[in-house]
Amino acid sequence: MKISVIGGAGYVGLITALGASSMGHEVIATDIDEKKVKNLKINLSPIYEDNLDSLLKFCNLHNKITFTTNSNDAIKNSDLVIVSVGTPTKINGEIDLSQVEMVTEYLKDSINNYTLIVIKSTLPITAVNLMKKELDQKFKSGIDYDIISNPEFLREGRAVHDFYNPDRIVIGGESKKSINILKEFYSPLIKRNLNIPNNIHVSDEKIPIVETNLPSAQMIKYGSNAFLANKISFINEIAQICESVEADVNDVIFGMGIDPRIGKNYMQPGPGFGGPCLEKDLLALVELGKHFELESTFMKAILERNERQVELIFKKITNELNDNSVITILGLSFKADTDDIRNSASVKLVNMLIEKGYEVRSYDPKAKYILKEKKYAQYDELYTSVETSNCIVIMTEWNEFINIDLNKVYELMDKKFIFDMRNILDKNDERLNKFNYFGLGN
Ligand code: UGA
């Protein structure tokens with residue numbers, strides 16, 4: 001099939017475009033960012049993601065994929081257009097639909113035979129209705145085009161793996177014809193007929209396909225992200241209570257998680273959920289509720305609890321330290337295995353600590369956070385960043401921190417506070433006895 005992916009240099013778009021090419025489709029990935037497009041042609045990925053570099057190189061060499069800034073030509077030459085542009089949140093909490101509106105203009109200008117428009121971007125039904133209204137000024141829905149929702153569930157850091165090993169494929173459309181076309185698109189993935197590098201793991205488990213209508217597909221995406229966010233706010237609250245009653249949250253999670261109705265996945269206390277998705281999708285649900293005059297008190301509570309988490313961590317640290325302390329923050333990205341610092345609790349904490357007057361250092365294996373501040377410096381090496389420091393705050397669960405050499409750290413540090421805000425160290429590890437060690441919820 002001839003496919004174009006609009007927003008093809010973005011996170012979801014790039015992985016979808018490469019994935020589609022590895023399924024044997026002829027893919028044109030388009031993006032307005034000229035530099036990224038230029039780099040992708042020479043195998044330079046704009047993001048750090050496990051296995052992405054090797055996949056990009058492989059697809060450029062062996063599969064049918066091109067990168068361009070010309071979306072109109074791409075749409076003219078495609079049977080199926082995948083829309084994966086960004087849907088960020090505006091300051092007032094509403095979704096910024098400007099990129100979707102731009103794509104609608106491209107489609108209006110360029111559809112010349114039946115085109116299936118596949119919405120990968122996380123969009124509410126109200127936005128899709130606006131898109132339809134625009135297109136219907138020129139085309140007939142069902143004859144010239146169909147819109148289908150096909151949400152993605154990729155996790156940053158595991159996105160290539162998740163693409164080839166999805167838990168489910170959700171297809172939400174209004175006609176059997178459009179649903180069948182998308183099933184045909186996915187058929188090589190379902191049959192594991194893929195042209196990919198050997199280092200990418202592909203399981204042979206059957207992939208469930210969920211067929212539904214368009215708004216239900218969108219609500220599966222919003223509901224999933226909201227539920228995941230809910231688990232994190234929930235466990236962070238439980239961890240906080242555990243501290244007051246001297247319970248150990250790790251044992252509590254273990255004991256709760258044995259019940260299969262609860263499970264222990266995605267129940268790790270931490271600095272709160274960050275990244276570009278969970279908060280954005282909760283805010284979108286709140287806005288969607290408003291549109292229908294519904295008050296989303298539950299979604300708001302999840303968000304509020306999350307915002308409080310970094311403040312609680314800040315208080316935990318500042319209660320223990322002198323004003324002139326030197327603090328090293330380990331981990332800047334919003335989670336491990338990504339260089340993404342969007343909505344990172346760690347970045348928020350860095351700023352709060354600087355504002356309070358501390359000297360702050362940071363280290364992250366991949367992420368960068370540059371700040372022109374006398375009292376802040378990012379280091380390139382873990383152990384240099386802790387030298388003569390008074391306190392370490394672990395904010396991201398990178399393997400490098402899980403395997404940190406505590407004896408070496410002890411020798412290098414001055415005063416010895418460790419705030420392990422991901423509970424990645426074993427609090428019973430004897431080497432920790434020499435430190436003032438603080439976990440979360442234990
Ligand atoms: C999330 C969803 O997990 C994906 O399924 C979805 O496709 C994606 O959003 C999206 O909508 O694009 P992602 O934001 O990459 O994926 O990251 P997660 O692994 O879900 O983590 C989100 C945040 O929750 C991170 O800050 C992470 O550190 C935190 N978290 C996660 C915890 O604090 N505890 C946990 O147990 C799990």
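This is a short dialogue on reading the ligand site and the cysteines in a predicted model.

Visitor: Where do I start with the ligand? Which residues come nearest?

Guide: Start with the neighbours. There are 20 residues around the ligand. Leu 154, Glu 156, Lys 221, Tyr 266 and Arg 422 come nearest.

Visitor: How many residues of each class are in the shell around the ligand?

Guide: Sort the shell by class. Ten residues are nonpolar, four are polar and six are charged.

Visitor: Which helix gives the most to that shell?

Guide: Helix H9, spanning residues 214–245. Four shell residues come from H9.

Visitor: Now the polar contacts. What lies opposite the oxygen atoms of the ligand?

Guide: Look for N or O atoms within 3.5 Å. Take the side chain first. Lys 335 places a polar side-chain atom 2.9 Å from a ligand oxygen. Then check the backbone. At Gly 274, a backbone N or O atom is 2.9 Å from an oxygen of the ligand. At Met 267, a polar backbone atom sits 3.2 Å from a ligand oxygen.

Visitor: How much of the ligand does the protein cover?

Guide: Compare the ligand on its own with the ligand in place. Alone, the ligand has 720 Å² of accessible area, and the protein covers 91% of that.

Visitor: On to the cysteines. How many disulfides are there?

Guide: A disulfide is a covalent bond linking the sulfur atoms of two cysteines. Here the search asks for sulfur pairs within 2.5 Å. The count is zero.

Visitor: Is Cys 59 buried or exposed? And Cys 391, buried or exposed?

Guide: Read the relative accessible area. Under 20% means buried. Cys 59 has 0%, so Cys 59 is buried. Cys 391 also counts as buried, because its relative accessibility is 0%.

Definitions and conventions
Residues numbered from 1 in each chain as written. Predicted model: local features only at pLDDT ≥ 70, side-chain atom pairs only at ≥ 80, totals over all residues. Heavy atoms only, no water. Near = heavy atom within 4 Å. Polar contact = N/O pair within 3.5 Å; in protein donor to acceptor, adjacent residues only side chain to side chain. Areas by Shrake-Rupley, 256 points an atom, 1.4 Å probe, with all protein chains shown as cover. Helix = DSSP H or I, 4+ residues; strand = E, 2+ residues; numbered from the N terminus. Nonpolar A, V, L, I, M, F, W, Y, C, P; charged D, E, K, R; others polar. Buried < 20%, exposed > 50% of the residue type's maximum accessible area, 1.4 Å probe, protein only.
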